[in-house]
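Please walk me through this model, one contact at a time. I would like to see which side chains meet and where they sit.

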Amino acid sequence: MTGSECWLGIDLGGTYIKWVQLGADGDTLASGRRPTPMTGQADVTEALADVVLARLSAGVHLAGVGIAVPGHLSEDRDSITLLPNVPGEWPGFPLADTIVARTGFDPVLLNDARAFALAEIEFGSAHGSDDVVFATIGTGVGGALAARGTVVTTRRDGFGEVGHTTVVIDGDLCGCGSLGCVEAYAGGAAVLSRAKARGVALELGVVTLAALGRLAESDSVAADVLDEAYDAFAIGIATSCALTGARLVVVGGAVAHELPGYLNRSRERLAERLGLLGPVEVRLAQLGPRAGALGAAVAARITARHRPLSSEPAAHTTLEHLV
Ligand SMILES: [Zn+2]
C-alpha cells in the first residue's frame, strides 16, 4: 500500500452506490458510482464489497470504511431492519459480517440522512453550527438533528426522522406505515402520486418534481399539490425546531434546489413562531449528491479515531458512544 491513510465512504441508494475516498486533510481524493443491483441483498452486498476491494487494488491505504443506508439499523448496528427502497430480504441479513469476510474491513453502518448531516456539519452549510435540524427531500423526506455541534445518533440510528412527524391526524398513508407523515405529502414520490390522483396531466416516462413545478405555473391543481407539499414540509421543520430549539435548518436534495417553495414556506412558518423559537435561519445544503458518501467516510474516520487500542472488540465502538 502507498500514501497516507484514507477513509472510504459508501452511500447505498435506491439507484446508485456512490463512494468517496476521504484524505487525512479532509480532501476528497477520488469518487465514483455504480448502479445498485436490483437482485437482492447478496448482490448488493457484493457490490458494496467490490467498491472496497477496488480501492485496495488501487493501492489505497484505507483506515476505515463507512456505509450509509436509506433505512434503520439493528441494535448491534451490524444489519438493517428497514430498507424500503433497495430490493432484498434485509432484516437479519449479516451485512457488516459479510463485508468483513469479503474485505477484512469492519464497516461503520449509519443512516443516510445522518451521514448527510455529518458531512454538512463537517464541510458544508452547517459547518461551525451548534443546534441544527437537517432535512433531505428526495423520494422521501430524511432528517437528522445536531446538538452542540454533534449529529445525534441512537442505537438503531432512528433519531431525527423529521419526515415522519405527523402533519395531518389520520391523514394519507406514508411509506413507513403511519398516517399523515410529512413524507406522505412532501416526499417526491408522494407529491407525484397525489398529483396523478387529482388528475394532473403529467408526461409519460420519468416525471420529476421540477417538471411538476413548471406545470404548476399554469395548472392550479398542480399548484395546490405543491402548496400542500411545501406546507407539510414547513410544518414538519417548524415542529422539529420547536422540539429541539435549533436555530439553523439545512435542507438538501436536488428538489430543494429546484423548488424554492420548500425553503421559502419553511421560513414563513418559522417566522410565525418567532416568539417561541427566535430567529431560525434556513439554508440550502452545499455538498450535493456526494454528501451521504462523504458523511459515511467522516463516520468511519470518527470511529477509527475513537477505536480503543486495547483488545476490546472494535464492534463495541460505534457512533452512539460519541454523543
Ligand atoms: Zn412516515
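What follows goes from the metal site to the aromatic pairs, then to a helix and the salt bridges.

This is a predicted model. Keep that in mind throughout.

Start with the zinc ion. Which protein atoms are its donors? They are ND1 of His164 and the SG atoms of Cys174, Cys176 and Cys181. These donors lie 2.0 to 2.4 Å from the zinc ion. The angles among the 4 donor atoms run from 106 to 121°, and the site is tetrahedral. The angles need to lie between 85 and 135 degrees for that label, so the site qualifies. Along the chain, the donors follow the spacing H-x9-C-x1-C-x4-C. His164 and Cys176 are 12 residues apart, and the pair links distant parts of the chain. Both sit in the loop between strand S10 (150-151) and helix H4 (183-186). Are these two donors buried or exposed? His164 is partly exposed, at a relative accessible area of 26%. Cys176 is also partly exposed, with 40% relative accessibility.

Now turn to the aromatic rings. The structure holds 4 aromatic pairs. One of them joins Phe116 and Phe134. Their ring centres are 6.1 Å apart and their planes stand at 90°, so the pair is edge-to-face. Phe116 belongs to helix H3 (residues 112-123), and Phe134 to strand S8 (residues 132-137). The two are 18 residues apart, and their contact links distant parts of the chain. Phe116 is buried, with a relative accessible area of 7%. Phe134 is buried too, with 1%.

Another edge-to-face pair is made by Phe233 and Tyr262. Here the distance is 5.4 Å centre to centre, with 85° between the planes. Which helices does this pair tie together? Phe233 lies in helix H7 (residues 220-244) and Tyr262 in helix H9 (residues 261-271), so the contact bridges parts that are 29 residues apart in sequence. At 0% relative accessibility, Phe233 is buried. Tyr262 is likewise buried, at 0%. Tyr230 joins Phe233 and Tyr262 in one aromatic cluster.

A ring can also meet a charged side chain in this model. Arg33 lies over the face of Tyr16, at 3.7 Å from the ring centre.

Go back to H3, the helix that carries Phe116. H3 has 12 residues. From its first C-alpha to its last it reaches 16 Å, close to the 16 Å expected at 1.5 Å a residue. How many of its residues are buried? The count is 9 of the 12, so H3 is largely enclosed by the rest of the structure. The buried residues run through Ala113, Arg114, Ala115, Phe116, Ala117, Leu118, Ala119, Glu120 and Ile121. Two residues with charged side chains, Arg114 and Glu120, are on that buried list.

Charge pairing comes next. Side chains of opposite charge can pair when their charged atoms come close. The structure holds 15 salt bridges. In one of them, Arg102 meets Asp50, with the closest N and O atoms 3.7 Å apart. Arg102 lies in helix H2 (residues 95-103) and Asp50 in helix H1 (residues 41-57), so the bridge ties together parts that are 52 residues apart in sequence. Arg102 is partly exposed, at 34% relative accessibility. Asp50 is partly exposed as well, with a relative accessible area of 30%.

Return now to H7 and H9. Arg265 forms a salt bridge with Asp227, and the closest N and O atoms are 2.5 Å apart. Arg265 is in H9 and Asp227 in H7, so this pair ties together parts that are 38 residues apart in sequence. Arg265 counts as buried, at 17% relative accessibility. The cut-off matters here: buried means under 20%, so Arg265 falls within it. Asp227 is partly exposed, with 34%.

Arg265 has a further partner in Asp231, with the closest N and O atoms 3.3 Å apart. Asp231 is in H7, 34 residues from Arg265 in H9. Asp231 is partly exposed, at 21% relative accessibility. Which residues make up the wider network? Salt bridges that share partners join Asp227, Asp231, Arg265, Glu268, Arg269, Glu272 and Arg273.

Key:
Residues numbered from 1 in each chain as written. Predicted model: local features only at pLDDT ≥ 70, side-chain atom pairs only at ≥ 80, totals over all residues. Heavy atoms only, no water. Donors = N, O, S within 2.8 Å, 3.2 Å for Na, K, Ca; no water. Tetrahedral: all angles 85-135°; square planar, octahedral: opposite > 155°, others 65-115°. Helix = DSSP H or I, 4+ residues; strand = E, 2+ residues; numbered from the N terminus. Buried < 20%, exposed > 50% of the residue type's maximum accessible area, 1.4 Å probe, protein only. Phe/Tyr/Trp six-rings, centres within 6.5 Å; stacked < 30°, edge-to-face > 60°. Lys NZ or Arg CZ within 6 Å of the ring centre and 35° of its normal. Salt bridge = Lys/Arg side-chain N within 4 Å of Asp/Glu carboxyl O. Expected span 1.5 Å × (residues − 1).
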